[in-house]
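Me: Could you take me through one part of this structure up close? I'd like to start from a single strand and follow its contacts outward.

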Amino acid sequence: MINIAILGYGAVGSGLAELIKAKGKTWQLQIAVKYVVDIRDVSSQLENTATYTTNFDTILADDDVTIVVEAIGGTESAYNLVKQALLKGKHVCTSNKELVTTYGAELLQIASNTQAKFMFEASVGGGTPVIQPMYRTLQIDQIIEVAGILNGTTNYILSTMSTTTKTYETILQDVQQRNYAEKNPWEDVGGFDAARKLAILLSLATGNQLNFRDIHTEGINNITRDDFSFAHEFGFTIKPLVWGYINQNGIYAISAPILVHRKHPLANVCNAFNAAMIKTASTGNLMFYGEGAGKTPTATAIMADIFRICSATTHGLTWSTNTAKIQPFDDFSCCKLVQVAGKNRAFITAHETEHATAETLKNVPVAKMFRIYDYD
């Protein structure tokens with residue numbers, strides 16, 4: 001019997017408990033929730049096998065508990081509790097991207113020292129597996145580019161704007177009413193949620209800690225219906241893209257609304273779905289696609305990490321505490337589509353092979369400039 005403790009019994013924590021109850025009898029492994037830790041009294045919601053407590057020391061002292069699932073969120077309490085669990089030699093699984101981006105290198109080092117595992121597959125793609133495939137790829141190949149759509153809320157908003165006459169403001173109100181977005185949605189629509197996830201992927205790809213605040217980040221709040229009409233005219237759509245590139249000059253990273261050609265697979269990732277494209281030196285492009293956020297997909301990803309720990313076949317993820325510098329994204333050669341004010345035409349420019357040079361654009365009334373996702 002594998003006994004686990006769940007820290008936090010909100011959507012993710014309760015979703016995991018429900019998954020174990022519904023599917024556990026069909027698994028080869030016997031897994032039981034022994035403890036649930038929450039500041040609220042959730043004892044009435046628990047199965048008879050689970051004990052409710054507010055005292056984390058109870059979990060630390062119980063050697064029968066080998067895996068701790070952190071589902072609190074944020075870093076204020078989660079960091080200290082996860083650190084204590086790892087120091088005690090207990091494995092930890094989490095979906096907490098803020099915890100991983102802020103303290104990932106330190107917690108991975110502690111886990112290595114105590115022969116525990118710190119697992120966070122659910123922190124990036126929710127139910128879409130990205131972390132483990134990336135890690136396996138790194139064993140045999142070099143990752144040179146990461147791109148994708150890693151925030152379901154913004155993808156839903158822009159997908160709806162692309163296919164309907166609804167405005168950004170109207171759709172945002174709709175997703176807030178459905179509880180798809182927070183009352184203060186800026187973490188999502190400002191691009192920061194996706195930037196955190198990109199920082200995790202690039203930290204893994206480069207082997208160094210990246211600060212998500214150094215990633216060039218733009219929100220989708222200034223995108224209009226007219227922008228979609230303009231993009232469609234030239235064969236593009238607008239997607240809330242993360243894009244990281246690694247070359248001999250350094251690491252480049254951005255989280256922003258970017259033009260994607262309508263024939264590209266990422267252009268067809270719609271609604272609340274996620275996708276990540278990993279480009280390697282030898283294999284080329286690999287794409288991972290699936291449902292992102294949500295109670296059940298996230299719980300499934302955490303459960304997959306628990307299975308990996310129990311199978312004893314997984315190697316510990318790692319990156320160093322050295323902080324890697326992110327280069328200014330505008331230094332990276334990136335094509336741009338320039339909308340010329342008052343005229344039904346546009347320039348497509350690039351830093352190295354420009355159709356319209358900076359000198360040409362000096363005297364052109366530019367209405368808006370869009371980055372284009374370049375791909376092979």
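Here is the part I have in mind, followed by a walk through its surroundings.

Me: Which strands does β18 sit with in its sheet, and what do R371 and K368 pair with?

Reply: Happy to. Keep in mind that this is a predicted model.

Let's start with the sheet. β18 belongs to an open sheet of three strands, ordered β17-β16-β18, with antiparallel pairing. β17 (346-349) and β18 (366-371) are its edge strands, and each of them pairs on one side only. On average, neighbouring strands in this sheet are turned by 20° against each other, if you ignore direction. The partner of β18 is β16, residues 336-340, and five bridges hold this antiparallel pair together. For a spot to click on, try K336: the residue opposite is R371 in β18.

R371 is also a good place to leave the sheet. Its side chain makes a salt bridge with E218, where the closest N and O atoms are 2.8 Å apart. That contact reaches a long way along the chain: R371 is in strand β18, while E218 is in the loop between β9 (216-217) and α11 (225-233), 153 residues apart. The two ends are not covered alike. R371 has 13% relative accessibility and counts as buried, while E218 is partly exposed at 29%.

β18 has another charged contact, this time through K368. The side chains of K368 and D227 meet in a salt bridge, 2.5 Å from N to O. Since D227 lies in helix α11 and K368 in strand β18, the pair ties together parts that are 141 residues apart in sequence. Here D227 is the buried end, with 4% relative accessibility, and K368 is partly exposed with 26%. So in one pair the β18 residue is the buried one, R371, and in the other the β18 residue, K368, is partly exposed. As background, side chains of opposite charge can pair when their charged atoms come close.

How do these two contacts fit into the rest of the chain? The count for the structure comes to 12 salt bridges. Another of them joins D193 and K97, with the closest N and O atoms 2.9 Å apart. This one also links distant parts of the chain: D193 is in helix α10 (residues 192-206) and K97 in helix α4 (residues 97-113), 96 residues apart. D193 is buried at 4% relative accessible area, and K97 is partly exposed at 22%. If you'd rather look at a cluster than a pair, K34, D62 and D64 are joined into one network by salt bridges that share partners.

For contrast with the β18 sheet, look at the parallel one. Six strands form an open sheet there, in the order β3-β2-β1-β4-β5-β6. β3 (51-53) and β6 (118-119) stand at its edges with a single partner strand each, so one side of each has no neighbour in the sheet. Further in, β1 (residues 2-7) and β4 (residues 65-70) run parallel and are joined by five bridges. L7 stands opposite E70 in β4.

Then there is β7, residues 143-149, which is mostly covered: seven of its seven residues are buried. β7 pairs with β12 in the antiparallel sense over six bridges, and G148 has A276 in β12 as its bridge partner. With β10 (residues 236-247), β7 makes four bridges, again in the antiparallel sense. On that side, E145 stands opposite Y245.

β12 takes you out to the surface. This strand covers residues 273-280 and includes F273. F273 joins M287 and Y289 in a nonpolar surface patch of about 270 Å², and F273 itself is partly exposed, with a relative accessible area of 30%.

One last thing you may want to know at the bench: what about the cysteines? Searching the whole structure turns up zero disulfides. Take C310 as an example: the closest cysteine sulfur, in C93, is 8.5 Å from its own sulfur, which is too far for a bond. C310 is partly exposed at 24% relative accessible area, and C270 is partly exposed too, at 30%.

Back to where you began: β18 pairs with β16 through five bridges, R371 reaches E218, and K368 meets D227 of helix α11.

Terms used:
Residues numbered from 1 in each chain as written. Predicted model: local features only at pLDDT ≥ 70, side-chain atom pairs only at ≥ 80, totals over all residues. Heavy atoms only, no water. Patch = residues over 30% accessible without salt bridge, like charges linked within 9 Å, V, L, I, M, F, W, Y side chains within 5 Å. Areas by Shrake-Rupley, 256 points an atom, 1.4 Å probe, with all protein chains shown as cover. Salt bridge = Lys/Arg side-chain N within 4 Å of Asp/Glu carboxyl O. Helix = DSSP H or I, 4+ residues; strand = E, 2+ residues; numbered from the N terminus. Buried < 20%, exposed > 50% of the residue type's maximum accessible area, 1.4 Å probe, protein only. Pairing = 2+ DSSP bridges. Axes fitted to C-alpha atoms, helices over the stretch in contact; angles between N-to-C directions. Disulfide = S-S within 2.5 Å.
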